[in-house]
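Trainee: Could you take me through one part of this structure slowly, choosing a sheet and whatever packs against it? I am new to it and would like to see how the pieces fit together.

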Amino acid sequence: MPDHQLIVVGGGLAGLRAAIEAQEEGVDVAILSQVHPGRSHSGAAQGGVNAALANNPDGHDDSPEKHAFDTIKGSDYLADQPAALQMTTDAVPAIYQMEHWGCPFSRYDDGRISQRPFGGAGYPRTCYGADKTGHYLLHTLVEQTYRRQIRQYIEWFVCRLIVDDGICRGVIAYNMTKGGFEEFRAEGVIMATGGAGRTFAKTTNSMISTGGGAAMAYHAGVPLKDMEFVQFHPTGLYTTHILMTEGCRGEGGYLLNKDGERFMARYAPKAMELAPRDITARSIQTEIIEGRGIDGKDYVYLDLRHLGAEKLADRLPGTRDLAIHFEGVDPVYEPIPIAPAQHYSMGGIDTDVDGRTLMPGLYAAGECGCVTVHGANRLGGNSLLETIVFGRRAGAAAARDILGRERPLGPVKSGGEAGAAVESTIAELAAREGSEDFYAIREEMREAMFAHFGLFRDEATMKAGVDILLDLKQRLKKAKLRYTGSVWNLDMIRTMEFEGMVDVALATASGALVRTESRGSHARTDYTARDDERWLRHTLAYYQPDGGPPRLEYEPVELGLYEPQERKY
Amino acid sequence: MADITFHVRRFDPASGEPPHYEDFVVSVEGSMTVLEALFAIQEQQDGSLAFRYCCRSSICGSCAMYINGRYRLACQTNVLHMGVPRVTVEPLPHVPVVRDLVWDMDDFFEKYESIKPWLIRNSKLPDTEVTQSPEERHKLNMPIDCILCAACYSSCPSVWGEEHFLGPAALLKAYRFEVDSRDEAGKERLPTWDNERGVYRCHTITNCIEACPKELSPTEGIQWLKGSAVRRRLLGRKK
């Protein structure tokens with residue numbers, strides 16, 4: 001039964017950054033991760049990370065305020081404005097710190113960090129390392145955790161929170177390598193488990209982006225915020241949905257329909273291919289719906305040919321490799337078939353700017369959390385930024401709370417109970433009748449989410465979608481755990497994951513159905529306008545143990561910097 | 001669409017049974033990868049199958065395996081492109097197996113850690129970035145793309161023969177920092193790789209280059225380190 005002052009669940013960028021900060025503050029911290037931290041999904045991020053360094057000659061008068069404005073406008077005014085400004089202000093030192101720790105950013109001739117234009121940004125402020133920025137940032141932080149000898153429990157699957165008298169006191173985790181469950185007791189827990197992309201059929205996300213951390217917090221009574229806002233990336237590879245970075249368009253790539261037309265001229269005449277993701281993705285989808293997909297099919301082209309082999313080798317080498325390996329297309333010579341794919345969960349565990357949730361002792365950072373800085377639509381380059389900024393802040397806040405506590409919390413009381421609950425859940429799963437196939441249900445859910453809560457939404461389709469989810473939840477009770485071995489039991493991990501995924505999906509669906517407006521990524525064909533009077537507010541979804549849809553509450557958006565206005569690009 | 005037989009090595013050390021192979025037939029179409037086929041087997045045929053996975057887009061390094069006698073990432077390997085009706089899937093050879101296709105990473109990451117895989121700076125840091133010219137940055141292009149999948153490590157005969165040899169991946173990481181214009185390790189990192197466990201055990205067999213799914217060249221890095229060690233020892237140079 002390992003004891004630490006602070007447990008960080010998840011070893012991606014947010015979790016690693018949180019752990020480093022907490023350790024620097026003097027707290028005994030440990031990271032629990034389902035995969036080696038270097039394998040986390042943060043590493044799949046490609047195009048870059050935003051900060052108003054003003055290194056690009058075209059952006060010499062950039063500032064955190066301008067970055068905040070772009071972020072807020074991009075969010076369709078659902079971002080909490082002070083939080084957005086906090087992020088963009090912290091951004092500049094955060095990037096320099098990553099550089100000081102060794103991150104290999106691409107460089108200008110004068111040796112400063114290169115910055116490229118990105119969607120929805122008034123200035124070229126996206127710092128990058130070729131098109132593998134996430135990989136480079138992630139490995140930099142992995143290196144720093146080794147340097148600091150931060151304790152890492154690798155290939156431990158966290159399955160439940162330990163909550164004593166309303167305070168989060170640790171987790172129960174499955175030891176994948178040795179088998180068995182263990183109780184990790186602590187004075188605080190930071191969730192940094194990433195997004196829930198796998199709840200959708202077509203997603204750019206990794207296989208482990210299942211919303212596990214959000215589900216655990218949700219099941220423990222912590223609300224999920226703004227879950228209905230789901231980002232669809234404009235350019236997923238057609239057959240595999242693997243990400244083609246926004247950097248492709250930042251470097252000058254075109255989007256073309258079957259007539260070879262740069263159709264973005266009709267949707268965002270000024271920004272063209274560099275409109276924000278929600279608008280660009282819907283424009284592509286509209287072309288497809290109206291029959292202008294390539295060969296009338298459901299994809300369009302991302303054309304990089306005019307950039308030339310040399311520029312592709314310098315700026316977009318990973319993109320070229322991915323297109324060749326996974327689509328059989330060499331972007332030097334051929335346009336790349338792409339279509340929108342789920343990419344990012346704007347919503348997540350409700351937190352403040354220091355990662356604190358409504359449950360004392362529980363914190364969240366990165367994609368599993370929701371501060372909120374992305375509102376209804378995240379700008380490209382702001383998610384990597386969010387991880388290092390809010391990871392640091394959550395680590396610092398957790399450490400301060402632990403070290404500043406006047407009276408000790410005392411021994412953990414309910415650890416045994418939580419462990420027993422996990423074991424009885426497993427026993428129950430194994431004892432089910434087994435008339436349903438759990439993996440078939442999982443695929444049905446993912447298809448339903450994409451079909452009913454995709455780029456365009458309406459009342460009837462969403463209502464039917466909620467009914468499907470509720471029905472799947474009933475059928476799930478008849479799906480059985482088929483393998484009960486102790487070591488590397490994927491059947492058990494994936495079953496436990498799915499029990500959370502379906503509830504996270506239901507939170508997304510329920511929030512979407514009720515919100516009778518179009519805002520950012522939430523685009524309704526029956527309510528096409530933004531409705532600030534009714535809906536300039538955050539959704540909070542509370543889990544209902546009876547299995548029904550969540551209880552929804554609302555809270556106002558924090559404004560104060562910029563008056564909401566119509567978004568035009 | 002084609003029915004492909006996956007001949008998969010199964011092993012559970014706890015069972016006391018020796019390793020064995022099992023055949024699974026999967027209907028394969030279009031772009032299906034070996035990783036997707038393994039999921040199809042785990043979901044539809046045998047829930048006990050164990051393998052690593054994460055990004056499914058060749059950047060996380062989880063799913064390096066030995067597939068039809070070659071080192072490959074399962075996620076990057078299109079089944080039909082192999083053009084054979086039978087695909088043998090085995091864990092990385094020459095490393096201990098935890099279960100089925102999952103191998104024990106402990107030694108691999110212990111060696112990684114031993115070379116001090118982080119940027120070492122001694123002088124005062126500026127308020128902004130430490131500058132680096134594009135030419136200096138260019139030298140990092142190859143080694144920073146390593147995904148630590150360990151295909152090279154598993155393929156290296158010098159690792160097979162000498163369990164303490166650091167192996168290609170750890171040494172490539174050492175090279176990544178030694179060659180970085182911002183690194184000020186001086187002699188701090190040198191003893192970690194300029195020793196009997198380090199670069200001199202590389203006999204330029206170059207299996208690592210052939211094995212690397214990212215087409216990197218650990219050998220090149222190791223040879224640079226050897227030269228650097230000589231330059232430092234005999235000529236008193238800094239790198």
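Mentor: What follows is a walk from the strands of one sheet to two helices that lie on it. Please keep in mind from the start that this is a predicted model. In chain A, 5 strands form an open sheet, and reading across it gives the order β6-β2-β1-β10-β17, with parallel pairing. The edges are held by β6 (151–154) and β17 (362–364) of chain A, each of which pairs on one side only, and from one strand to the next the twist averages 20 degrees.

Looking at one pair within this sheet, strand β1 (residues 6–9) of chain A is joined by 4 bridges to strand β10 (residues 188–191) of chain A, the two running parallel, and here Ile7(A) stands opposite Val189(A) of β10(A).

Turning to the helices, α1 (residues 13–24) of chain A packs on the sheet, where it touches β1, β2 (29–33) and β10 of chain A, and its direction makes about 165 degrees with that of β2(A). Helix α10 (residues 382–403) of chain A lies across β1, β10 and β17 of chain A, at about 170 degrees to β10(A).

These two helices also meet each other: the axes of α1(A) and α10(A) come within 7 Å and cross at roughly 35 degrees, in a crossing that is right-handed. Among the residues that meet there are Leu13(A), Ala18(A) and Ile20(A) from α1(A), and Leu384(A), Ile388(A) and Phe390(A) from α10(A). The residues of this contact between α1(A) and α10(A) divide into 13 nonpolar, 4 polar and 3 charged.

Conventions
Residues are numbered from 1 along each chain as its sequence is written. Chains are lettered from A and ligands numbered from 1 in the order in which they are written. This is a predicted model: local features need pLDDT of at least 70, side-chain atom pairs count only at pLDDT 80 or more; totals for chains, interfaces and linings use all residues. Two strands pair if DSSP finds at least two bridges between them. Axes are lines fitted to C-alpha atoms, for helices over the stretch in contact, and angles run from 0 to 180 degrees between N-to-C directions. Two residues are in contact if their C-beta atoms, placed from the backbone, lie within 7 Å. A crossing is left-handed if the near helix is turned anticlockwise from the far one by less than a right angle, and right-handed if clockwise. Ala, Val, Leu, Ile, Met, Phe, Trp, Tyr, Cys and Pro count as nonpolar, Asp, Glu, Lys and Arg as charged, and the others, Gly among them, as polar.
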